[in-house]
Every structure is written in structure tokens, then in C-alpha cells.
Amino acid sequence: MKNLKRTVFASVFALISLCFTSCFIFENEIVRLNQNVEEAESNIATQYDNKMRRIPELVQVVKASKNVEIQAVTDVIEKRANIAESIRLDSSVISDPEKMALFQKAQNELNQGIGRLLAVSEKYPDFKFSAQFTALMTEIEGANNRITVAQTRYNQAVKEFNTYILSFPGKYFAKNYTKKVPFQSDIDGTKSVEAMNLNLE
Amino acid sequence: MKRNPGQNPALRQKKVFFLFLMQLFAICLSVYAEKINYAEDPLVQQRFVSKKDKEGLYEWTGSFVVDAGHILSADQFTSLTTYLTKLNDSTGIQIALLTLPSTNGEAIHDLAVRHFEKWKLGRKGIDDGVLLTIAVRDRSIDITTGYGAEERLTDILCKKIIDDLMVPLFREGKMGQGSILAIKTIAGIVNPESSEKVTKDLITGNIRPETESLSPLSSENSAISSVAAENSEKQAEDEYEESNEEEPDSEKKDKKENTALETIIWIIIAIIVWLFNRKLGLWGGSSGGHSGGHSGGSSSYRSGGGGSTGGGGSSGKW
């Protein structure tokens with residue numbers, strides 16, 4: 001009888017300590033995944049900043065060309081860039097659909113402006129094929145590519161996080177965390193980005 | 001097995017058990033059996049091997065070149081693979097070439113980034129990998145750079161390489177030459193030693209489609225860097241012979257190391273068997289002779305270094 005008692009106590013004790021230690025594992029995993037999401041988020045913000053930095057350079061190049069029509073288009077771009085910069089991307093913006101819509105709208109308008117600049121520059125091949133302009137357009141295209149990659153990675157991290165806090169063991173440890181929102185890539189936005197593709201043929 | 005009348009059943013059981021253990025050990029040794037290593041196959045055959053995985057991405061072959069678009073001749077494939085392998089050995093930089101018939105509607109940059117993430121080019125943490133992708137039917141070229149390579153090989157330089165070096169050659173139909181010239185320029189720029197010089201040459205236009213690329217590797221590999229971009233068929237023949245001469249040397253070295261390892265293992269087995277002999281008195285004398293290890297052996301199957309990309313680089317069409 002004594003033996004039975006002992007084994008029962010021992011096994012219950014073992015079970016409880018197992019649960020206790022596994023709690024650590026689940027909690028830590030949630031923290032880790034959350035950190036991944038935040039890192040991916042800051043990456044996106046960095047890439048958008050990177051792209052915004054090119055706009056003043058673009059304005060400089062256009063001013064140097066002294067072409068009135070192109071300058072008019074670039075003024076529009078400048079104004080839209082200022083609007084876009086006023087909405088900085090962070091977690092509050094991403095999770096709020098209204099702010100997100102505003103952000104996307106600003107970015108779309110900016111992209112459309114750049115697309116129009118490209119269309120106008122078709123008329124002036126000297127300007128279009130000038131070294132500085134092509135260099136800048138390459139950089140902006142590269143910035144767009146990086147933004148896309150950053151968005152994809154963010155969405156992957158969000159998916160991992162959401163899956164973990166919604167499925168079985170994670171559910172009970174996720175009291176302080178809410179489900180995260182993936183980055184909606186705007187359909188109109190991508191169209192205007194494609195309009196920006198520089199085809200030197 | 002001879003049946004010695006003087007032994008008792010217990011001892012016989014131990015014998016059987018011991019033999020069973022030896023068999024198990026021999027089976028475990030099959031881990032040293034020869035693996036099919038794409039990189040060691042006759043490279044002339046390998047350029048036709050390009051497998052796709054479930055998602056339609058081409059598999060890594062260890063030779064840094066996947067030529068599903070068939071733009072490289074046999075000699076070009078050989079010399080390019082040798083060049084990239086030596087580059088990886090000496091500097092850790094991993095540059096790969098991927099040619100496909102078509103991207104099937106997908107943007108070539110997205111496809112290139114997916115391949116880069118699958119192959120993990122470049123060293124982990126340093127991320128000095130670069131992927132050059134060519135879609136033959138779509139007539140598009142893309143260069144994708146890892147985080148580390150981006151610092152030296154900027155998007156603008158990628159665009160320059162595509163527009164100034166590759167497009168003129170590709171329009172003439174010399175796609176293999178163009179690819180090789182581009183790869184050597186990329187190698188020159190990503191390699192910190194030669195980066196400034198090659199970047200300056202590229203910008204000032206000193207690297208032309210006709211010239212050899214100026215990318216000095218370390219002095220040991222100067223023999224390889226002299227295997228330059230093919231400009232004529234004569235040169236291609238000479239280089240094919242050169243690269244063939246170098247291959248046997250490296251193979252012999254690998255074989256020597258492997259057989260040394262295997263002889264050591266056989267010696268250990270012999271010692272164990274001999275000790276068991278002494279203990280159990282199974283059979284007198286030394287154990288039977290054994291070979292000095294089988295030929296071939298497994299060379300290291302070169303894999304991607306764990307690097308990642310930020311999606312940088314540039315693309316173009318010809």
C-alpha cells in the first residue's frame with residue numbers, strides 16, 4: 001500500500017513539474033514569434049523609408065534637367081510624397097484598417113505620379129536615358145522589390161504567430177496577445193507599381 | 001563456422017551474438033557508401049540534369065549552375081562550374097546561375113527571390129550570395145543580391161551589368177558568353193579585394209562585352225582565372241583541356257583522404273575483433289584480411305551557405 005501511495009505521489013509530482021516547465025516553453029515560443037513579427041514590421045517600415053528617400057533625389061535630378069513639362073509632373077510627385085511621409089508605418093497603422101487604407105492610398109497616388117513621370121519622359125529620350133534618371137529609377141524599382149519581399153516575410157511571420165496563438169497549447173498562454181493582421185497588399189497599388197516598370201527597349 | 005566439440009553452448013551463444021553485432025556494425029558503415037553526387041558526375045552530362053521540386057523551383061545541384069534553358073555549351077558549363085566552385089572555396093561567396101526556358105507568367109524577380117531563398121546562397125550572417133537568372137523565351141534577365149552582397153553590388157550596378165554587358169551579347173545570340181562575363185564581373189564586385197577596381201572599370205566602361213572580365217582571385221587560383229570568358233572556339237578547346245587536367249588532381253586528393261579514414265576504421269575493427277578473439281578464444285590467429293577501403297567515397301555535397309536576400313538587385317530584358 002505504501003508503495004502505491006509513493007508511486008502515485010511521485011507520478012503526480014512529475015506530471016505537475018512537467019506542466020510547469022512546459023509552460024515556459026509555450027510562453028517563450030509566443031514571445032519569440034511575436035518578436036519575429038515586430039522585426040518583420042520594422043523591416044517594412046525601413047524599406048518604405050528607403051523608397052521615400054529617393055523622392056527628393058528624383059526632384060533634384062528633374063530640376064537639373066530644366067524641362068518644364070517634366071518639372072510639372074514632378075511637383076505633383078513631391079506633394080504626394082509629402083502626404084505619404086506624414087503617415088509613418090507602424091503596428092498601430094497596420095492593425096487599423098482605416099489608417100491602413102489611408103496609407104495605401106497615399107502610396108498608390110505616389111506610385112501613380114511616378115508612373116506618369118515615366119510616361120511623360122517617353123517624349124524626351126535625352127532625359128529618359130540620362131544616367132542619373134535611369135540610376136534613380138533603378139533604385140526606386142529596387143526599393144519596390146524590397147518592399148514586396150518585406151511584406152511577404154511580414155505576412156509569413158504573422159501567419160506563424162496567429163497559428164500558434166490560436167491552436168491548442170498556445171491558446172491558454174496568449175492572454176496578453178491579440179491576433180495580428182497581415183499586410184494587405186493593395187490590388188490597385190500593384191497595378192500602379194507595374195506601370196512604373198522601366199522598359200528600355 | 002567450425003564446431004569445436006570442447007565448447008559449451010553458452011560460449012556458442014556469445015559467438016553468435018558477437019557475429020550479429022559485427023554485422024550490425026558493417027551495415028552502419030554503409031553510411032560511407034558512395035552517394036550520388038551531382039557535382040562529381042561528368043559535368044558534360046550534368047548540364048542536362050535540372051530537377052524541379054513540388055513548387056516548381058529548380059533543385060540545387062551543388063555545381064552552382066542550373067542550365068535548364070540550355071544556353072551554355074559543354075565547355076562553358078565546365079569552366080563556369082569550376083570557376084564558381086573555386087570562388088566559393090577561396091572566398092565563401094556563392095554566385096549561382098539559373099537559366100530557365102520561361103517563367104510561366106511570373107515576374108522574373110519574384111521567381112529569382114524564391115529560388116534564392118530556397119538555395120540559401122551566401123554564408124549565413126554575411127549573406128554574400130548572388131543569383132543570376134535568365135528566362136530564355138521571355139528574354140528577361142535578373143540579378144538578385146543577398147544582404148551582404150548588396151553593399152558592394154548595388155541595384156544600379158546590377159542594372160549596368162545587365163544593360164551594358166549582357167544585353168548586347170544576348171542580342172547577338174552569344175548568351176553563354178554574356179552570362180560568363182556577367183558572372184565574372186559580379187564576382188569581381190562582390191569580392192572585397194577586387195571590388196573597387198572592378199566597380200570603377202564597370203562604371204567607366206572599361207569592361208566591354210568583348211574583353212575578358214577583370215576579377216583577380218587569390219594567387220592559387222590564378223590558373224582558374226586565366227580560364228577566361230570564351231571569345232572564340234579555339235580558346236574554348238584549350239580551356240576544356242586545362243580544366244580536365246586540373247580535375248584529376250583534386251579528385252586524387254579527396255580519394256586519398258577518404259581511403260585514409262576508411263583504413264583507420266578497418267584497423268579499429270580489426271583490433272576489436274582481435275580483442276574478442278583473445279577473450280573468447282573463438283578462433284586462433286588474426287582475423288581475415290580486408291581491403292583498404294572502396295574507391296570513390298563521398299566528397300562533400302556542396303550546399304547553400306544559409307544566406308538570405310532582401311530582394312535587392314535588378315532586372316532587364318533584351
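This report covers the cysteines A:C19 and A:C23, the overall make-up of chain B, and the surroundings of B:S314 in a predicted model.

## Cysteines and disulfides

Across all chains, the structure holds zero disulfides. A:C19 takes part in none, and the cysteine sulfur nearest to its own, that of A:C23, is 6.8 Å away. A disulfide requires two cysteine sulfur atoms within 2.5 Å. Seen from the other residue, the sulfur of A:C23 has its closest cysteine sulfur in A:C19, and the pair is not bonded because 6.8 Å is too far for a bond.

Both residues are partly exposed: A:C19 has a relative accessible area of 46%, and A:C23 has a relative accessible area of 31%.

## Chain B overall

Chain B has 10 helices and five strands. Of its 318 residues, 46% are buried. The accessible surface of chain B is about 16200 Å², and carbon and sulfur atoms account for 54% of that area.

Contacts in chain B were also sorted by sequence separation. Taking those between residues at least 6 apart in sequence, 69% join residues at least 24 apart.

## Surroundings of B:S314

B:S314 is part of strand 5 of chain B, which spans residues 309-317. With a relative accessible area of 4%, B:S314 is buried, because buried means under 20%.

Leaving aside residues up to four places away in sequence, B:S314 touches A:T138 in chain A. Within chain B, the residues that B:S314 touches are B:I141, B:D142, B:I143, B:D155, B:C158, B:K159 and B:I162, with the same sequence neighbours left out.

Notes
Residues numbered from 1 in each chain as written. Chains lettered and ligands numbered in written order. Predicted model: local features only at pLDDT ≥ 70, side-chain atom pairs only at ≥ 80, totals over all residues. Heavy atoms only, no water. Buried < 20%, exposed > 50% of the residue type's maximum accessible area, 1.4 Å probe, protein only. Helix = DSSP H or I, 4+ residues; strand = E, 2+ residues; numbered from the N terminus. Contact = heavy atoms within 4.5 Å. Areas by Shrake-Rupley, 256 points an atom, 1.4 Å probe, with all protein chains shown as cover.
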